[in-house]
Amino acid sequence: MIELEGPLGKSDTVNSELVSLERELSTLRKNGLIDPFGLFLYGLVLKEKGSENLARTVLVESLNSYPWNWNAWSELQALCTTIETLNSLNLNNHWMKDFFLASAYQELRMHNESLTKYENLQGTFSFSNYVQAQIAKAQYSLREFEQVEVIFEELLRNDPYRVEDMDMYSNVLYAKECFSALSYLAHRVFMTDKYRPESCCIIGNYYSLKGQHEKSVMYFRRALKLNKNYLSAWTLMGHEYVEMKNTPAAVDAYRRAVDINPCDYRACQMILVCGLPWLSVTKLNSFICLEEAIKCYRRAANCNDREAIALHQLAKLHSELGRLEEAAFYYKKDLERMEVEEREGPNMVEALLFLATYCKSQKRFEEAEVYCTRLLDYTGPEKETAKSLLRGMRIAQSGFPLMDVEHFPP
C-alpha cells in the first residue's frame with residue numbers, strides 16, 4: 001500500500017481477502033463461536049467493505065462483551081458521523097462508554113458536552129494526563145486559548161517527555177505568535193522522538209511561523225508518511241499550499257482531510273475558498289463546484305453546525321442551481337433555528353423574502369402572507385417588496401385590491 005501511494009498518500013490498494021474473511025467471521029458469529037476480539041476483527045472487515053450499519057452492530061456486540069478495547073471504541077466512533085447515529089447505539093453502561101461519548105462529542109463538535117463529560121471523568125481519574133489533555137482539546141475547540149496554554153504547561157511539568165497532543169499546544173503557540181516558546185517546544189519534541197507525527201507537525205508549525213513554507217510542507221509530509229490518516233497534518237499542509245499559492249495541491253490536501261473526517265467543516269470551507277475561483281473556469285466546472293459546496297455544507301449541517309452558517313449556505317446554493325423546493329426547505333430550517341436562538345439580521349430577512357416569494361408562486365397564499373407580514377417590521381427595499389407581494393396575492397384571490405397593507409397590524 002505504501003509503495004503504491006501517490007505524492008499525497010492516495011492508494012487504490014484493496015485487500016483481496018476481505019470477502020473470504022467476512023464469510024468466515026460471519027459463520028463463526030452465527031454459530032456463537034466468536035469472542036469479543038473476533039467480533040472486533042469482523043467489525044473492521046465490515047467497515048472496510050462499506051457495510052457500516054452491520055459494522056456498528058458487530059462492534060457494539062464486541063464492546064458490550066469486553067468494554068476495555070479502546071481500538072474498538074475508536075473504530076465505532078469513526079462510524080458515528082451524526083448525533084442521531086450515536087444516540088441509536090445500544091451500548092451497556094460502563095465508565096469506558098463515558099470516555100467514548102466524550103470523545104465522540106468532541107468529533108461531532110459538541111464541545112461543551114464533551115468538556116462536561118471529561119470534567120466528570122476527572123473526578124474519578126484525577127491524575128490522568130489523558131483526561132487533562134482532552135479537557136484542553138475541548139477548550140481549544142471553544143477558543144479558550146489561555147486555559148489551554150496553562151493546561152499544556154502543567155502537562156509538560158508532569159510529563160517532560162510527552163509528545164502526544166503537543167501538536168495542539170503548538171497550534172496555540174502559533175496562533176499567539178509565541179516564536180520562542182514554539183521554537184523551544186519543537187526542539188524538545190525533536191530530542192524526545194523525531195519520528196512521531198506530532199513532532200513533525202510541531203516542527204512544521206515552527207517553520208511556518210518563520211515563513212519557510214517549503215520546509216513546513218516537508219515536515220507535514222513526513223508526518224503523513226508516519227500516519228497517512230493524521231487529520232491535522234493534511235489541514236495544516238493545505239494552509240501551507242495556500243500560502244505558496246499552489247491552489248490545486250491545497251484543495252487536494254483539504255479533500256484528504258474531509259475524506260478522513262467528514263465532520264471537518266473547516267477543511268470543507270477551505271475547499272470552497274480555494275476551489276471556487278479555481279473550478280469556475282467553465283459553466284460545467286461551476287456546476288461541479290456548487291455540487292461540491294452543497295456536499296461540504298451538508299456535512300457541516302449534519303455535524304452540529306455551531307457557527308450556524310451551513311443551512312443558510314445550503315439554501316443559497318440550491319437557489320442558485322434553480323432547486324427552489326430544496327432551497328425553501330433549507331431556508332425554513334434556518335429560519336426555525338434563528339427563531340429558537342432569538343437571532344435576527346440579514347439572513348432572517350433573506351429567508352423571509354425567499355419563502356414569501358416561493359409560497360406565493362406555489363399558491364400557498366396564507367403561508368406567504370405570514371412571511372410578508374413579518375417583513376413589514378423591517379425597513380428597506382424588502383418591506384416594499386413584501387407590500388407588493390401582499391397586493392398581488394389579494395388581487396389574485398379576490399380579483400380586486402383590498403385595504404392598504406400599510407395599515408396591517410404587525
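C359 is buried in this predicted model, with a relative accessible area of 0%. Don't go looking for a disulfide there: C359 is in none, and the nearest cysteine sulfur, that of C372, sits 9.1 Å away. A pair of cysteine sulfurs has to be within 2.5 Å to count as a disulfide, so C359 and C372 don't qualify.

**Cysteines**

- Searching the whole structure turns up zero disulfides.
- As a reminder, a disulfide is a covalent bond that joins the sulfur atoms of two cysteines.
- C178 is partly exposed, because its relative accessible area of 22% is not under the 20% that buried residues need.
- C372 belongs to helix α21 (residues 365-375) and is one of that helix's buried residues.

**Helix α21**

- Along with C372, the buried residues of α21 are F365, A368, E369, Y371 and L375.
- Those buried residues span an arc of only 165 degrees around the axis, which means they sit on the same side of α21.
- Here's the general background: an α-helix has 3.6 residues a turn, so residues three or four places apart point the same way.

**L335 and its neighbours**

- L335 sits in helix α19, which covers residues 324-340.
- With 4% relative accessibility, L335 counts as buried, because the cut-off is under 20%.
- Leaving out residues up to four places away in sequence, L335 touches M348, A351, L352, L355, Y371 and R374.
- One of those contacts, Y371, is also among the buried residues of α21.
- A351, another of the contacts, is 16 residues from L335 in sequence, and their C-alpha atoms are 6.5 Å apart.

**A nonpolar patch on the surface**

- F37, Y66, W68 and W95 make up a nonpolar patch on the surface.
- Together, these four residues have about 430 Å² of accessible area.
- Y66 lies in the loop that runs between α3 (52-65) and α4 (70-78).
- Y66 is partly exposed at 31% relative accessible area, so it clears the over-30% cut-off for joining a patch.

**The whole protein**

- The protein has 22 helices and zero strands.
- Of its 410 residues, 44% are buried.
- Take the contacts with a separation of 6 or more: residues 24 or more positions apart account for 51% of them.
- The protein exposes about 21700 Å², and carbon and sulfur atoms supply 52% of that area.

How values were computed: Residues numbered from 1 in each chain as written. Predicted model: local features only at pLDDT ≥ 70, side-chain atom pairs only at ≥ 80, totals over all residues. Heavy atoms only, no water. Patch = residues over 30% accessible without salt bridge, like charges linked within 9 Å, V, L, I, M, F, W, Y side chains within 5 Å. Areas by Shrake-Rupley, 256 points an atom, 1.4 Å probe, with all protein chains shown as cover. Salt bridge = Lys/Arg side-chain N within 4 Å of Asp/Glu carboxyl O. Helix = DSSP H or I, 4+ residues; strand = E, 2+ residues; numbered from the N terminus. Buried < 20%, exposed > 50% of the residue type's maximum accessible area, 1.4 Å probe, protein only. Contact = heavy atoms within 4.5 Å. Arc of directions from axis to C-beta.
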